Amino acid sequence: MSDATTTDIPVDLESKRLTVTRPDIRFDKQGELGDDERVQKAMQHFAKDFGYIAANYMEACVHCGACAQACPFYEANPDPKLTPIWKLEPFKQAYKREAGPLSFFYKTLNLKSKVTIEQLEEWQELLYDTCTMCGRCTLVCPMSIDIATLVGMARHGMFHAGLVPHELYTVTEKAEREGSPLGATPKVFADRVEWMEDEHEVDMPLDADKADVLVLMSSIEIQKYPESMAATGKILNQMGKSWTFHTEGYEATNFGMLSGNTQWQKDMTMKIISTAEKIGAELVILPECGHAYQALRWQGANMLGRPLPFKVQHISEFLAEAVESGAIRVNKVDKSVAFHDPCQVSRRGGATPAPRKILEALGVELREPESTGNLNFCCGGGGGVITIHRADSLRYKIMGNKLEQLDATGAEMMVTSCSNCRQNFDDSGEKLHWDKQMNSLLELVAENLVEDTKS
Amino acid sequence: MTLLDFARGPAMQFAIFIFVFGIVFRLVGVWAMRHKRDLSEPRQPSAWKGGIHGLIQHAWPYKPFRDKLMTDYVIGYVIHLGLLFVIFFYKPHILFFQDIFGFGWPALPNGVITAISIITIGALVIALVKRLTDPVRRLISNFDDYFTWFVTTLPFVTGLATAGNVWWHYETGLAIHLLSVWLLLIYFPFGKLMHAFWFGVSRYTTGSRFARRGGMA
Ligand code: SF4
Ligand code: SF4
């Protein structure tokens, strides 16, 4: 398959969730490699990830099956194939046969067979469509195996074997080529900043030569929730910050990371890092996007090869500090609220207390669902899953479970701090006739900002 | 040389050699693999505390999962504690260790050890039935899981038979029991029995990685 065939599908901007239009014919294999070469590529790239961490996780599994009990995909469809550790079977098999301390026995006596192309093809769905890398399975694993990290690693091999689901590959390739997976090119971004400036009468510096703070946005916000830009601008202006958006580094999402291309991941991260360095930023604020936080806050320095020369905060961390220090004041919101924790920001990111501090400042009555905070149940849309059409029905089922948990709190208002989760709630909520709507924490703060305060 | 002489002599030496050498080989083999430094700015220092916390935390499921997993955890604990008590607190075993280490410790009454052995075998059988009947476990299980079950259960059964003196010939029975234990030791480094070590390494790794970040694992 030539790349053109697979990547020329346009982004569907009318849909409630953003991805490319449903492909008429699926091309879930990229490039012209033969089957043997695909397997070889997968093995080569699996091997790059067989370091100490992956190795001890793969040695440690006792096949107890507990992880299935925590996975939102297994809960929505109790098919044993969806057991978290099973999703890693070819990766594990390759490790045992090729890399582990006993590989000599496994290989010579053929105790573990070679990974085959059929296996890899079959596992595409397990590694991409049915794992959001939410990390919930690790909570129940008696060996504490970080399956989400391993799935991220296994995707490297899959990408280089040319075995990425059609839509995910298409948006990733767009992101590498155009700077945005969803058509928010630098020009579109600049236009939308200007539009929001007029619409909301908020000054939003763009491409400033020097600024203390570089603010990023995700394509989902730029295309679908542009009010986020105005909300961020309003708050930063109120605080008197020296800040800017920048057309050379604005896109926070990192589909290189999600799809498994480390070089592209690095390209995407480096755009942000070079821009921040160029303008002398001390702080980079990440938007309401979960995986963006993972990509820059926790993987950014590792991509760069040295510690980041600036601080990185998710917008919820920035706002929590601002309300705590009194840098901004907010009006009280007389409502009960249930908060949906984005997995990559809370459980896997560590910023779990931040939204709670903000909600406290807003004076809402916070009603936590049973499994909340770090134990949160994933919405089913992360890890690139939301882009894949054939994953829709399972995603809706997961959301059904999620909505039940949120509704059980009886809260009047639903809030989150990830625009990808939010679009999943919009899309699935409509399908499931949900009578509520998911709101943005950032926008809630901006709406209730006391505007005369000066820091 | 009688079978008992063989079991007490060369067989034992061989088993202990493979056991010790194999464990060291496998642990060092994994340790020697590439370590990557995490360059991200830690949210908090002293990640090792999180590692220790992780060791303890994962000994029991978090609240939302307890309903689903309680039985499995209880069965698991029965098996592990059963092994511990029978191996280390049965009089003849203590005498055996005394020979090697030069010191002993108080034993549990024989009746208690017999009861523990029977309960442990019961728990092992339940675990096996669950592995065979639960679709998840059935799918993810392989030869190692079943063979590990076999080499773990066998010493309990042969041990009970020896203690109860039901063999046709006591000394041969004792030899069979010893050989079944050596089989366990020889297989130990090659299969999932190594989780006796990995559980610590893996829990510590995740615990310390997540202590750096915050969040939870
Ligand atoms: S990371 Fe989340 S989605 Fe993936 S296997 Fe684990 S629980 Fe399931
Ligand atoms: S819960 Fe952990 S040890 Fe048990 S099967 Fe899953 S990954 Fe393996």
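Select B:K68 and A:E75. Their side chains meet in a salt bridge, 3.5 Å from N to O. Keep in mind that this is a predicted model. Side chains of opposite charge can pair when their charged atoms come close. Across the interface of chain B and chain A, the rule finds four salt bridges. Polar contacts also link the two chains: 30 residue pairs, both partners at pLDDT 80 or more.

**The chain B side of the interface**

Stay on chain B and color the helices that face chain A. Select α2 (10-31), α4 (66-89), α7 (135-140) and α10 (195-213) of chain B. Each supplies at least two residues of the side that touches chain A. Which helix gives the largest share of that side? Select α10(B): 12 residues come from this helix, the largest share. Now color the touching side of chain B by residue class. You should find 23 nonpolar, 12 polar and 15 charged residues.

**The interface as a whole**

Next, show both partners. The contact takes 50 residues from chain B and 66 residues from chain A. About 4900 Å² is buried between chain B and chain A, and carbon and sulfur atoms give 60% of that area. Pick out B:L39, B:I140 and B:R213. These three supply 13% of the area that chain B buries against chain A, more than any other three residues.

**Chain B on its own**

Hide chain A for a moment. Chain B has 10 helices and zero strands. Step along from the N terminus and each element you meet is α. The C-alpha trace of chain B spans about 65 × 40 × 35 Å along its principal axes.

**Chain A: helices around α5**

Bring chain A back and hide chain B. Select helix α3 (residues 52-60) and helix α5 (residues 89-99) of chain A. How are two packed helices described? The terms are the angle between their axes and the distance between the axes. Here α3(A) and α5(A) pack at an angle of about 100°, with axes 10 Å apart. That angle makes α3(A) roughly perpendicular to α5(A). Show side chains at the contact. From α3(A), select A:A55, A:M58 and A:E59; from α5(A), select A:F91, A:K92, A:Y95 and A:K96. By class, this contact has four nonpolar, no polar and three charged residues.

Leave α5(A) selected and add helix α2 (residues 35-49) of chain A. The pair α2(A) and α5(A) packs at about 75°, with axes 10 Å apart. That makes α2(A) roughly perpendicular to α5(A). Which residues meet here? A:M43, A:F46 and A:D49 in α2(A) meet A:P90, A:F91 and A:A94 in α5(A). The residues of this contact divide into five nonpolar, no polar and one charged. Pause on A:F91: this residue of α5(A) is part of the contact with α3(A) and also meets α2(A).

**Chain A: α20 and α21**

Move along chain A to helix α20 (residues 392-407) and helix α21 (residues 419-431). Their axes come within 10 Å and cross at roughly 95°. That makes α20(A) roughly perpendicular to α21(A). On the α20(A) side, select A:R395, A:Y396, A:M399, A:K402, A:L403 and A:L406. On the α21(A) side, select A:N424, A:F425, A:D427, A:S428 and A:K431. The residues of this contact divide into five nonpolar, two polar and four charged.

**Last stop: a bridge within chain A**

Show salt bridges over all chains; the count comes to 36. Zoom in on A:E451 and A:K234. Their closest N and O atoms are 3.7 Å apart, and the two form a salt bridge. A:E451 lies in the segment after α22 (441-447) of chain A, and A:K234 in helix α13 (residues 227-238), so the pair ties together parts that are 217 residues apart in sequence.

Notes: Residues numbered from 1 in each chain as written. Chains lettered and ligands numbered in written order. Predicted model: local features only at pLDDT ≥ 70, side-chain atom pairs only at ≥ 80, totals over all residues. Heavy atoms only, no water. Axes fitted to C-alpha atoms, helices over the stretch in contact; angles between N-to-C directions. Helix = DSSP H or I, 4+ residues; strand = E, 2+ residues; numbered from the N terminus. Parallel < 35°, antiparallel > 145°, perpendicular 65-115°, else oblique. Contact = heavy atoms within 4.5 Å. Nonpolar A, V, L, I, M, F, W, Y, C, P; charged D, E, K, R; others polar. Buried area = accessible area lost by both parts, 1.4 Å probe. Polar contact = N/O pair within 3.5 Å; in protein donor to acceptor, adjacent residues only side chain to side chain.
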